[in-house]
Amino acid sequence: MAYEALSALQNKNYFKAGKVREYYFELSDILRQYMENRFDLRAPEMTTDEFLATLRSSKSLSTTQKSLVRDFLSHCDMVKFAKYLPPNTEAETSYESAKRLVDETMEDPMEAKK
């Protein structure tokens, strides 16, 4: 599901339309929805600080993955709320960070059947 949403986001061409903030709102929402579904975290209803505080006590993610989530959401918040306008290369890095988090935390289909 997250992969489909990420792919659909890329196909929307937000950057060509000058909709950078919209891109980041949707990108962070995709990751938050994924985290909620995958780890039963109420991510979409929380502020970034609330979510990160909850994540700190979670054993679902490694320390490296928690850092990646923190950095990803902090960067998204800069664009969404502080009106930071990142170059396209930073947007690509943010997209790759979201995809990496999904890749690294995706449930193993064999484990799901047990």
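Are Tyr23 and Tyr24 buried or exposed? In this predicted model, Tyr23 is buried, and Tyr24 is buried as well. A good place to begin, then, is with the aromatic residues. Across the whole structure, a search returns four aromatic pairs. One of them joins Tyr23 and Tyr24, whose ring centres are 5.5 Å apart; the pair is edge-to-face because the ring planes stand at 80°, and an angle over 60 degrees counts as edge-to-face. Tyr23 and Tyr24 also belong to one aromatic cluster, together with Tyr14 and Phe15.

Helix packing comes next. Helix α4 spans residues 63-81 and helix α5 residues 88-105, and their axes come within 10 Å, crossing at roughly 145°. The crossing of α4 past α5 is left-handed. On the α4 side, the contact is made by Thr64, Gln65, Leu68, Val69, Phe72 and His75, while α5 brings in Glu90, Ser94, Ser97, Ala98, Arg100, Leu101, Glu104 and Thr105. Sorted by character, the residues of this contact comprise six polar, five nonpolar and three charged.

Tyr3 offers a view from the other end of the sequence numbering. This residue sits in helix α1, which covers residues 2-11. Tyr3 is classed as partly exposed because its relative accessibility is 32%. Beyond its neighbours within four places in sequence, Tyr3 is in contact with Lys99, Val102, Asp103 and Met106. Ser94, one of the α5 residues in the contact with α4, is separated from Tyr3 by 91 residues in sequence and by 14 Å in space, C-alpha to C-alpha.

Notes: Residues numbered from 1 in each chain as written. Predicted model: local features only at pLDDT ≥ 70, side-chain atom pairs only at ≥ 80, totals over all residues. Heavy atoms only, no water. Axes fitted to C-alpha atoms, helices over the stretch in contact; angles between N-to-C directions. Helix = DSSP H or I, 4+ residues; strand = E, 2+ residues; numbered from the N terminus. Left-handed = near helix turned anticlockwise from the far one by under 90°. Contact = heavy atoms within 4.5 Å. Nonpolar A, V, L, I, M, F, W, Y, C, P; charged D, E, K, R; others polar. Buried < 20%, exposed > 50% of the residue type's maximum accessible area, 1.4 Å probe, protein only. Phe/Tyr/Trp six-rings, centres within 6.5 Å; stacked < 30°, edge-to-face > 60°.
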